[in-house]
Amino acid sequence: MRRPVLSLAALALIGVVVWLWGFGGASVVSGWARAGQAETQQAMARLLRSLRAGDPGALAGLLGLCFAYGFFHAAGPGHGKILIGGYGMAARVSALRLAGLALGSSLAQAASAVVLVYAGVFFFDLTRQNMTGLAEDIMAPASYGAIAVVGGWLALRGLRRFLRAPRPAPHGHDGHCSSCGHRHGPSPSEAAAINNWRDGVALVAAVAIRPCTGALFLLILTWRMGLGTAGIFGTFAMGLGTASVTLAVALASVTLREGTLARLSTSGQGRGLARALPLLELTAGVVITALSLQLMLAVL
Amino acid sequence: MLLSARARLRNDAVMTLVRRIALALCLCLPVSGLGAHPHVFVDVALTFTGDGAGNLSRVKVTWSYDDFFSLLILSDMGLDGDGEGVLTEEELTRLKGFDLVEWPEGFEGDLYIHRGEEKIALDHPVPTAVTLENGRIVATHERTFGPVPGDGLKVEAYDPTYYVDYRLTGSVTLPKGCSSDIREPDLDESQRAFREMLGQLGAEEQYDPVEVGNLFAQTLYLSCAAPS
């Protein structure tokens, strides 16, 4: 009885998406996310001072706050959830694998923040403005551009598969359709195999290029205060916080996709599936490209 | 202002094309603050003074920076090394005006005053004081203008790039006879206005980056009764 449950969940999610899209839900969410981020940022400063003063409980508190910061920051616009969510909608990738991608990309993003700051500090003698300037002016557009490219690639691939997919022409099983070969769609394993490890690498890389400015601030501050290790742990805690949002989006997108496909496959023995999958891929690809270009426009 | 990161790429054929395509796509999408993510949070207090006859000519702007950013600036400049939260006279002198040292092209001091459609020109800010209160840097500067009649002025404090999130904390001091009213931004209206803005931009040859800061800012309206 999985199908009805999936479809119901998918419908609920569509309701959420419509609210976000058409009824100002997105501004409500980003307003809430921004307020949350401001508060966590303030609390982080207080904890950093306590940590510097040698307060033993401060580290755990700081890590918790960093997680919360990552959560609020990811709940706002940007930060890769578009890509992971879109990919989850488009490709027949399992929830587990997508979750892995969500986690991997967030942690890779944290790692790139650490690399940027410590390379800047030890090798290139960069100032704070240099580093944030690098992240905001070069790496951010690069990341959005890379995400747009991945989105475009998904769209193109979807388009090609859509055009190549067999039309669901009506034919009886007692008819003489020698060219049909009785294939009504790709088998699930075939569909999954098409999306290989290269997709995963591209996704993670596109998101990871751009480190979060909040993480950069934290790393620079803690390094100067002699609390570098705490800063690095804090950054990865932020990454986990970001990952929790991306994970939720990823799982939502898989539910939405499977719900939609379940509906299609119950009608007419999966005839619609051959065209539905590529169509999903094409749509998701277009939306990803559009959103990331929008983001890129804003920062250029 | 605070950062060197405000250089804008100028037009070239490829970018114009990319932007045109992106604009076309953007018109279908919802607005949610785009990629502009504030990292600095500032509370703004304003004190207006004038000639006492209903005209205003000077505004004192107080920017209270958030705890985290204050910590960052202090460590940037090597101040308050002992973390006591107290700055010496010498340190205060060094800190004064830190937020006005960099003045990138196109920067307007993040304060906008309008009288109807007309934008009132504000003179370059002069830093007047700086203190450290509860870990937050509080910096004041003054700007002269006009003089213009205070009645009907519209004041907004925002960063067009929305890197800094300014909030009017309600601390607005005015000469006798004037009053103020702070209005929150209408987010739905902002969305509609933004879409219109994008639509208009598509027709222009000269493309300027879309500036979202003012769509999400509060507005302060002044009204001054004429002296009897």
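In the predicted model, chain B contains an open sheet of five strands, arranged in the order 5-6-2-1-8 and paired in a mixed sense. The edges of this sheet are formed by strand 5 (126-133) and strand 8 (164-173) of chain B, each of which pairs on one side only. From one strand to the next, the twist averages 25°. Helix 2 (residues 67-76) of chain B packs on the sheet, where it touches strand 1 (40-50), strand 2, strand 5 and strand 6 of chain B, and the direction of helix 2 makes about 105° with that of strand 6 of chain B.

Within the sheet, strand 2 of chain B and strand 6 (residues 136-149) of chain B are joined by nine bridges in the antiparallel sense. B:Leu56 is placed opposite B:Val148, a residue of strand 6 of chain B.

The confidence of the prediction varies along the chain. Strand 2 (residues 55-65) has the highest mean pLDDT among the elements of chain B, at 93, whereas helix 1 (residues 13-26) of chain B has the lowest, at 51. Over chain B as a whole the mean pLDDT is 76, with 70% of the residues reaching 70 or more. In two stretches of chain B, residues 1-12 and residues 202-210, pLDDT stays under 50. For residues 1-12 of chain B the model nevertheless has 42 contacts beyond four places in sequence, and for residues 202-210 of chain B it has 19 such contacts. For the complex, the predictor gives an ipTM of 0.71 and a pTM of 0.74.

Terms used
Residues are numbered from 1 along each chain as its sequence is written. Chains are lettered from A and ligands numbered from 1 in the order in which they are written. This is a predicted model: local features need pLDDT of at least 70, side-chain atom pairs count only at pLDDT 80 or more; totals for chains, interfaces and linings use all residues. Side-chain values use heavy atoms; hydrogens and water are left out. pLDDT is the predictor's confidence in each residue, from 0 to 100. Helices (H or I, at least four residues) and strands (E, at least two) are DSSP runs, numbered from the N terminus. Contact means heavy atoms within 4.5 Å. Two strands pair if DSSP finds at least two bridges between them. Axes are lines fitted to C-alpha atoms, for helices over the stretch in contact, and angles run from 0 to 180 degrees between N-to-C directions.
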